[in-house]
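Student: Please take one part of this model and go through it closely. I would like to see how the pieces join up, and then where that part sits in the whole.

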Amino acid sequence: MTRRFGKLLGSVWMLGLGVGALVIAWASRVYFASDELAPFVIEKLPLPHEDLWMAALKVHVVAASFALPACLLLSLKRMLRFPRTHRWLGRATGAIILAALVPSGLYLSLFAKGGLPATVGFALSGLIVAVAMVWGVRRARVKDYVGHRRAMLHVLAQLSVAVTSRTLLALLDAAGIDPDAAYLFALWAPVLAGVGLVEFWLVRRPHRRSSHEPNTPATRPAPLHPALGERPHGVGNAA
Amino acid sequence: MVEKQLIKPLADKEAHQSRFSRAYIPPQDRRVRVLESERSTDGRGAEFVTFAVDERSGGVGRRAAGDWRKDEIVGCVYPARDEVFVKRGGKYFAATLLLGKRTAAADDAVCRPARVAAADAHR
């Protein structure tokens, strides 16, 4: 019963994230309309390097519009039946996150509403994503799929902050909470909860074996320095 | 004039604004306060009046009547020229900026009393 409820909760959560990602992507069209400034842009003005900031914002929204739905897809159990698709989508997602999403997000964080606490919050989330992505790719390359899953859940948890923090903002506004305090809470709570959820709950659940997992115990940690002969070569083994 | 040129069009625009955004969530109420009873004169000899806009938010747990966030928007009005300016980051812009129209900062004399502008110039 508990397991079934957990499964239902998980499905609703994933669906919510998917719908949220689509809503955000659709609403982001306003940043590409040349005739009118979006409210998010208006409240930031004047900016010291407006063109650079706008470019970073556009890169960020396009990268995020791809990355979050892609991460949701990659985390589906069904996707593990298609290891080649999983690998190639994973590579594309990893490249976009590391080359576009995180750098643009770090730049935007310097001008975040809420001052230093908000800047630190966004930057922390971005750094968790970058470190977890690199770590997750390395784990996949040495076929440590437990480590890979753990790392990629951190990536997904931080990307999902985009949806959860906006939901919290709307709820806190409806409750009449001061907007400045609400903004910081709606940022920090999902960032920290994401780390906690992955480390203290999700990774402790019984592991689901993937269809392309090697025939070794799932909990066996990968060697830190595998012998040269054991080391996978090229990008063919990257996540 | 502030109501007509800024508050009303802003509320109309915000009615179509996505709530699922990191941008500010539109307030439920706004009120305009005139900050000085007498008109000031800027460095170009034009008369203006300064104003502030307070905001109030909250749906389900709507705030008490007195709980306004003060000075969320500040600016000035030039009654003779039918112009409204708002202050952003130490500079003044045409109020249409808040409605989404790209606009350059107004010159330094705008919304600054002549004596203050002169004192600033001597610093």
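Tutor: What follows is a close look at one run of paired strands, and then at what goes with it.

This is a predicted model, in which local features need pLDDT of at least 70, side-chain atom pairs count only at pLDDT 80 or more, and totals for chains, interfaces and linings use all residues. Residues are numbered from 1 along each chain as its sequence is written, while chains are lettered from A and ligands numbered from 1 in the order in which they are written.

Start with chain B. It has 2 helices and 6 strands. Here helices (H or I, at least four residues) and strands (E, at least two) are DSSP runs, numbered from the N terminus. Read from the N terminus, the order in chain B is α-β-β-β-β-β-β-α.

Now the close look. Take strand E3 of chain B, residues 47-56, and strand E4 of chain B, residues 69-78. These two run antiparallel, joined by 6 bridges. Two strands pair if DSSP finds at least two bridges between them. One bridge to find is the one between Ala52(B) and Val74(B) of E4(B).

Stay on E4(B). Strand E5 of chain B, residues 83-88, also pairs with E4(B), in the antiparallel sense, over 4 bridges. Among the partners, Cys76(B) goes with Phe85(B), and Gly75(B) goes with Val86(B). Cys76(B) and Gly75(B) are neighbours in number, so keep this in mind: in a regular strand the side chains alternate between the two faces of the sheet.

E4(B) and E5(B) form a hairpin, with 4 residues between them. In that turn, Asp82(B) has a positive phi of about 60°. Next comes strand E6 of chain B, residues 91-94, joined to E5(B) by 4 bridges and running antiparallel to it. Arg88(B) has Lys91(B) of E6(B) as its bridge partner. E5(B) and E6(B) form a hairpin too, with 2 residues between them. Gly89(B), in this turn, has a positive phi of about 55°.

Look at Asp71(B) as well. This residue lies in strand E4 of chain B. It is not a glycine, yet its phi is positive, about 55°. Most residues other than glycine have a negative phi, and most peptide bonds are trans. Asp71(B) counts as partly exposed, because it has 13 C-beta neighbours inside 10 Å. The scale is this: a residue is buried if 20 or more other C-beta atoms lie within 10 Å of its own, exposed if 12 or fewer, and partly exposed in between, with C-beta atoms placed from the backbone.

How far can you trust this part? Use pLDDT, the predictor's confidence in each residue, from 0 to 100. In chain B, confidence is highest in E5(B), at 94. It is lowest in helix H2 of chain B, residues 114-122, at a mean of 65. Where pLDDT is low, the predicted coordinates should not be read in detail. Over chain B, the mean pLDDT is 86, and 86% of its residues reach 70 or more.

Step back to the whole of chain B. Of its 123 residues, 24% are buried. Two residues are in contact if their C-beta atoms, placed from the backbone, lie within 7 Å. Of the contacts in chain B with a separation of 6 or more, 47% come from residues 24 or more positions apart.

Next, the partner. Chain A has 8 helices and 0 strands. Of its 239 residues, 33% are buried. One loop in chain A, between helix H2 (39-42) and helix H3 (50-74), holds Pro46(A). Leu45(A) and Pro46(A) are joined by a cis peptide bond, with omega about -5°.

Last, where the chains meet. The contact takes 24 residues from chain B and 20 residues from chain A. On the chain B side, 8 are nonpolar, 9 polar and 7 charged. In this count, Ala, Val, Leu, Ile, Met, Phe, Trp, Tyr, Cys and Pro are nonpolar, Asp, Glu, Lys and Arg are charged, and the others, Gly among them, are polar. For the complex, the predictor gives an ipTM of 0.81 and a pTM of 0.82.
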